[in-house]
Amino acid sequence: MTTQIKGTNLSETIFEDLKRKILSDTWKAGEKLPPERDLALEYGTNRNTLREAIRKLEQSRLVSVRHGSGVRVENFRKRGLVDMLGPFLEEASDNQERISTLKDLLITRASLLELMIRMAAERAEPTDLNRLRALTEQQQTLFSSGDQSKVARGDVRWHQAVVEATHSLTIRWTANTFLEVYRGFILRFPHLWILHPEYPQFLEETMTALENKDPETAVRITKAYY
């Protein structure tokens, strides 16, 4: 049976479909993928395009390729990288595992945010503070409107501005993955973002601590809120 594939970048589309099958445990760790010829036929493509998709799976540590023995599914739960968090939350077949992963993601995100806030309080320049102040006021206005989806998307922008204020490539590269997962989750499930009544106060107090270059107070406020 031919799998219907849409999109201009065929190898990328095939990669996404194969990744989905692995992350949803349709193909389990240790299993061999069907032969190249069969997969190429299934996706209605040639072997070169299919091999490009397989290479991407290998780079993502989802499969291992051994000449003479085919392509075998890797144990992504042991070997996966952090960029698998978003796709896994979407495709996981075990709902309890998905919930547990999401909880751990939020815990990790909160710890990372404390570090980001501390460094932003120590390193933020006037332009950073002006941008954060503008975003803080924008968020407070949006919160008053009760538009949950817009507030959630604005929260991502606020976090990104905090990352920029750290002036740290290490923090930026580490935070990018978590923020991308967070942003994707918010876009897909905006109703799960809670309009907590203390949110505007949290933003104001945190902003004041940043403007005062007071990292200890900024971290204390962040820890208490999250």
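Five residues on each side come together where two helices of this predicted model meet: Tyr-199, Phe-202, Glu-205, Thr-206 and Ala-209 of H10 touch Thr-217, Ala-218, Ile-221, Thr-222 and Tyr-225 of H11. Sorted by class, this contact comprises 6 nonpolar, 3 polar and 1 charged residues. The charged residue is Glu-205, in H10.

The geometry of the pair can be read alongside these contacts. H10 spans residues 199-211 and H11 spans residues 215-225, and their axes lie 8 Å apart at an angle of about 165°. Angles over 145 degrees count as roughly antiparallel, and H10 and H11 are therefore roughly antiparallel to each other. The crossing of H10 past H11 is left-handed.

Attention now turns to the interior space of the model. The structure contains 1 cavity of 30 Å³ or more, and the largest cavity encloses about 60 Å³ of space. Its lining is made up of Arg-109, Leu-112, Leu-113, Met-116, His-159, Ala-175, Phe-178 and Leu-179. Two or more of these residues come from each of helix H6 (95-123) and helix H9 (169-188). The greatest contribution to the lining is that of H6, with 4 residues.

In terms of class, the lining of the largest cavity divides into 6 nonpolar, 1 polar and 1 charged residues. Here the charged member is Arg-109 and the polar one is His-159, while the nonpolar residues include Met-116 and Phe-178.

Notes:
Residues are numbered from 1 along each chain as its sequence is written. This is a predicted model: local features need pLDDT of at least 70, side-chain atom pairs count only at pLDDT 80 or more; totals for chains, interfaces and linings use all residues. Side-chain values use heavy atoms; hydrogens and water are left out. Axes are lines fitted to C-alpha atoms, for helices over the stretch in contact, and angles run from 0 to 180 degrees between N-to-C directions. Angles under 35 degrees count as roughly parallel, over 145 as roughly antiparallel, 65 to 115 as roughly perpendicular and the rest as oblique. A crossing is left-handed if the near helix is turned anticlockwise from the far one by less than a right angle, and right-handed if clockwise. Contact means heavy atoms within 4.5 Å. On a 1 Å grid over the protein atoms alone, a cavity is a set of points where a 1.4 Å probe fits but cannot get out, and a pocket is an open set with protein on both sides within 12 Å along at least five of seven lines; lining residues have an atom within 4 Å of a point. Grid points are joined across faces, edges and corners, and a volume is the space filled by probe spheres set on the points.
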